[in-house]
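Visitor: I would like to learn how to read a fold piece by piece. Could you take me through one, starting with a helix and the strands beside it?

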Amino acid sequence: MTQYIPQNVGENSLWNHTAASIPVTKTLEESLQADVLVVGGGYTGLSSALHLAEKGASVVLLEAKGFGFGGSGRNAGLVNAGVWKSPEYVEQQLGQEQGRRFNQAMQDSPRLVFDLIEQYRIDCDASQCGTINIAHKASAMRYLEHRCEQMQKIGAQARIIDGDTAQALSGSPKYRHGGILDPTAGTIHPLKYAFGLSQAASTNGAKLYQDSPLDKLTRQDNHWIAETSSGQVKAEQVVIATNAYADDHSQGVRESTLPVYIFQCATAALPPAVADSIIPQRHGLWDTRTLMTSSRVDNEGRLIMSSAGSLSGFYRSIRQSWMTRLRNKLYPQTRGIPWAYHWTGQVGVTSTKLLRIQVLAPGVLAPAGYNGRGIGPGTVIGKHLADTLVSGNRDEFPFQIESLQRESWRKSRAAYYEYGTLALQLIDSR
Ligand SMILES: Cc1cc2nc3c(=O)[nH]c(=O)nc-3n(C[C@H](O)[C@H](O)[C@H](O)COP(=O)(O)OP(=O)(O)OC[C@H]3O[C@@H](n4cnc5c(N)ncnc54)[C@H](O)[C@@H]3O)c2cc1C
């Protein structure tokens, strides 16, 4: 059997540079049988495999590249409660009862993430110190106050902080209007978390393979036969967890989201006095600008910022310069300090801005479209999928299951995001 040591993101990613122990696994080179086949080794697939194995199901997971190759190894590491859209919007879209169940499951998602980290002693620089959705201008507080009320109605401990507190907790003279502080949220090293989930799943008996892309899925009698170039898995049920990184063999999942880029830049460890002055209590921060920007400082004192867009070709210099200018305004104490890392990732965006759990064929489920909020949601969905696949009872499943939803004009709409954000960044730079 071939040992596979994944290269993962293959860019100048901070997470790649600092993820100490990369899991070594085999590529699939045999014929196996399992209760459930999971395709995709991000949080959704790994959490599904872990929770299925915990419940005694036999499970095989196939990852095309390496664990965390997709969004799960590239993200900003903010473990936030809820989804991108507000609880009120979720209820409007899904109806009151379905929306309530959805909101509740997502509100509790940081707890599941941090509980798993503790239970399996996942070494991923986890810090449940809270995150802040911070206002970039005074008028944004109206939106944040309304959103905070909605969060509190579903039991969240989130609370509004005033301008002085926001400024003290951010260390930025620009973030002086207030925000929502959620003390149950926090930050992780995203790639280490993915690796830790893979280890936990494997310890519980799941069989995990990297460098083993699904090529073909066919129905034979009452089973699914999944083929890779060198092996085969026969399974009763299949979870396609390929999300925004779905390829041609992902059974149409690719068509269900628009691939939208987010980029990140990180400094090397800042001088201690500078690091101590920025986000001193190490909250994760994301702001209310149209071009949402997140900031955090990791355990080593590196400042990590993210915003919308890719870094390919000449976009890289435009976007990095824009980010530097923004950083100088937000955190003037970093002026003159170069970026040491930069990398990108794709998020799966849907028209409704809500994730989908799709049934592609009998026994084939495909969650997708997390719209940029997937650490908690991916982990929670994996757990609920495992519960429902093992029990066969969908009554307790807090999400609506729908047929494959294809986004129309995917490429042009994704290009619209890419050029739209670029235009805003160019205007902002003048
Ligand atoms: C830059 C960036 C910043 C983000 N920041 C945050 C954040 O701060 N907080 C947050 O909650 N969320 C954030 N997100 C979103 C979050 O990272 C994703 O929603 C989440 O990781 C999705 O997990 P997943 O397991 O569903 O999919 P992925 O992690 O994308 O995994 C899909 C996997 O499927 C594999 N695959 C594809 N085709 C095949 C095949 N044929 N056979 C086998 N395997 C296949 C891929 O290689 C990939 O590893 C961010 C995303 C990005 C890109």
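Guide: Gladly. Please keep in mind that this is a predicted model. Begin with helix α12, residues 410-429, which lies across β14 and β17 and runs at about 30° to β14.

Visitor: How do β14 and β17 run relative to each other, parallel or antiparallel?

Guide: The general idea comes first. Strands of a sheet pair through backbone hydrogen bonds, and the pairing can be parallel or antiparallel. Here β14 and β17 (residues 303-308) run antiparallel, joined by five bridges. To find the register, look at Ala-266, which stands opposite Ile-304 in β17.

Visitor: In what order do the strands of the sheet follow one another?

Guide: The sheet is open and has eight strands, in the order β7-β8-β6-β15-β16-β17-β14-β18, with mixed pairing. At its edges are β7 (159-161) and β18, each of which pairs on one side only. From one strand to the next, the twist averages 20°.

Visitor: Let me go to the β7 end. How many bridges join β7 to β8?

Guide: Three, and these two strands run antiparallel. Arg-159 stands opposite Leu-181 in β8. Strands β6 and β8 are antiparallel too, with four bridges between them, and the partner of Ile-134 in β8 is Gly-179.

Visitor: Which residues of β8 point which way?

Guide: Gly-179 and Leu-181 point one way, Ile-180 and Asp-182 the other, and all of them are buried. There is a helix to look at here as well: α7 (residues 163-170) lies across β6 (131-134), β7, β8 (179-182) and β15 (284-287), at about 125° to β6.

Visitor: Now the interior. Which residues have the most contacts inside the largest nonpolar core?

Guide: In general, nonpolar side chains of soluble globular proteins tend to be buried together. The largest nonpolar core in this model has 119 residues, and those with the most contacts inside it are Val-36, Leu-37, Ala-49 and Val-59. Try Ala-49: beyond its neighbours within four places in sequence, its contacts are Val-38, Val-59, Leu-61, Ala-201, Ala-206 and Leu-208.

Visitor: And the ligand: which residues around it come nearest?

Guide: A good way to read a ligand site is to ask who comes nearest, which elements contribute and what classes line it. Of the 45 residues around the ligand, the nearest are Gly-40, Gly-42, Gly-70, Gly-345 and Gly-374. At least two residues of the shell come from each of α2 (43-54), β14 (258-267), β18 (339-349) and α11 (375-391). By class, the shell has 17 nonpolar, 23 polar and five charged residues.

Key: Residues numbered from 1 in each chain as written. Predicted model: local features only at pLDDT ≥ 70, side-chain atom pairs only at ≥ 80, totals over all residues. Core = buried A, V, L, I, M, F, W, Y, C linked by C-beta atoms within 7 Å. Buried ≥ 20, exposed ≤ 12 C-beta atoms within 10 Å, placed from the backbone. Contact = placed C-beta atoms within 7 Å. Near = placed C-beta within 6 Å. Nonpolar A, V, L, I, M, F, W, Y, C, P; charged D, E, K, R; others polar. Pairing = 2+ DSSP bridges. Axes fitted to C-alpha atoms, helices over the stretch in contact; angles between N-to-C directions.
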